Amino acid sequence: LWAVGTGNEPGYHAARGEFTLEFAPVPDAATTTEAPSTTTEAPLTTTEAPPTTTEAPPTTPAPDTRNPPDCPSELTQVTSLNDGALTLFTEVVVSPTSDSESILCARLESDSESWVGFGISPTGLMFGANSILGLPEYGSVMKFNSTLDVTKQGPFAPMEDDHQTLMNTKVTQEDGKTVVSFSKYLKEEGENNILAEGENTFLWAVGSSNAPGYHAARGEFTLDLKASSPAPTPPITSVPTTEAPTFTTSAPT
């Protein structure tokens with residue numbers, strides 16, 4: 001394979017391709033033969049002590065104690081992508097108790113049966129993006145990091161278990177369409193933040209099949225989510241009050 005980028009910074013390629021090449025062996029010019037060595041090395045008699053290091057036991061991630069609000073029944077913000085072949089429905093729900101519990105509710109509807117991806121990338125590049133992939137082949141919706149180490153695990157690497165915090169995940173296929181749903185915290189440690197108000201740079205991608213692999217189409221877009229759906233607060237129950245009785249006394253005549 002060959003590829004050239006759009007600049008000096010590692011990122012998505014401007015052009016790419018593949019080719020085949022057969023290498024022909026070149027005969028050695030030197031025909032001299034070295035005499036065999038007659039020296040004999042003394043056997044090694046040193047014995048290394050066995051290692052005494054002990055690995056620490058794996059730690060269990062702390063449980064997530066956040067209490068996110070519910071997603072609304074309808075997602076009102078609609079964005080058309082991929083020349084209308086992919087539609088994104090979104091709604092931001094602001095938590096009334098903690099900014100760390102505010103969430104993005106999202107649904108992607110694609111006009112093809114394939115994996116579908118959504119990415120958060122402040123630079124607009126795939127490298128360094130936090131991606132969410134709906135994988136019909138596995139029936140899962142998970143978080144991935146984009147990576148340049150394609151020799152080991154492809155262009156995406158699953159995030160660690162303690163970062164798999166998506167909620168309300170679902171991927172379905174019917175009548176040639178794919179639907180991916182999820183909700184995600186706007187702010188998470190070690191991840192790209194999502195702005196409740198102001199322009200965000202996002203990525204989208206669709207595959208050529210259900211199997212994870214290279215995308216058939218991709219793009220970037222900016223979106224102001226305009227947070228307008230505060231989570232409902234519980235009603236305040238008024239405590240009934242009891243007024244003290246009043247007595248009127250007339251003076252005797």
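Of the 253 residues in the chain, 33% are buried, where buried means under 20% relative accessible area, exposed over 50%, and partly exposed in between (1.4 Å probe, protein chains only). This is a predicted model: local features need pLDDT of at least 70, side-chain atom pairs count only at pLDDT 80 or more, and totals for chains, interfaces and linings use all residues. Residues are numbered from 1 along each chain as its sequence is written, and side-chain values use heavy atoms, with hydrogens and water left out.

Start with the overall layout. The chain has one helix and 14 strands. Helices (H or I, at least four residues) and strands (E, at least two) are DSSP runs, numbered from the N terminus. Contacts, meaning heavy atoms within 4.5 Å, often span long stretches of sequence. Among those with a separation of 6 or more, 53% come from residues 24 or more positions apart. The chain exposes about 17800 Å², and carbon and sulfur atoms supply 53% of that area. Accessible areas come from the Shrake-Rupley method with a 1.4 Å probe; for residues, only the protein chains shown count as cover.

Now turn to strand β11, residues 177–185. Seven of its nine residues are buried. Strand β5 pairs with β11 in the antiparallel sense, over eight bridges. Two strands pair if DSSP finds at least two bridges between them. One bridge sets E109 against V179 of β11. Strand β10 (residues 167–174) also pairs with β11 in the antiparallel sense, here over six bridges. In this pairing, Q173 has T178 as its bridge partner in β11. The hairpin of β10 and β11 has two residues between the strands. There, D175 takes a positive phi near 55°.

Strand β5 leads to the disulfide. A disulfide is a pair of cysteine sulfur atoms within 2.5 Å. A search of the whole structure finds one. It joins C71 to C105, with an S to S distance of 2.0 Å. The link of C71 and C105 is left-handed, with -90° about the S-S bond. It ties distant parts of the chain: C71 sits in the loop between β2 and β3, C105 in strand β5 (residues 103–110), 34 residues apart. How covered is each end, C71 and C105? C71 is partly exposed because its relative accessible area is 29%. C105 is buried, at 1%.

Strand β3 (residues 77–81) holds T79. T79 counts as buried because its relative accessible area is 13%. Beyond its neighbours within four places in sequence, T79 is in contact with L86, T87, L88, F221 and L223.

The loop between β2 (13–17) and β3 also contains L21. L21 counts as exposed because its relative accessibility is 60%. Together with W2, V4, F19 and F23, L21 makes a nonpolar surface patch of about 610 Å². Patches are made of residues with over 30% relative accessible area and no salt bridge: like charges are joined within 9 Å, nonpolar side chains (Val, Leu, Ile, Met, Phe, Trp, Tyr) within 5 Å. A salt bridge is a side-chain nitrogen of Lys or Arg within 4 Å of a carboxyl oxygen of Asp or Glu.

Last comes N193, in the loop between β11 and β12 (199–207). N193 is partly exposed, at 42% relative accessibility. Which residues does N193 touch, not counting those up to four places away in sequence? They are I120, L186, K187, E188 and N200. I120 is 73 residues from N193 in sequence, yet the two are 7.8 Å apart in space, C-alpha to C-alpha.
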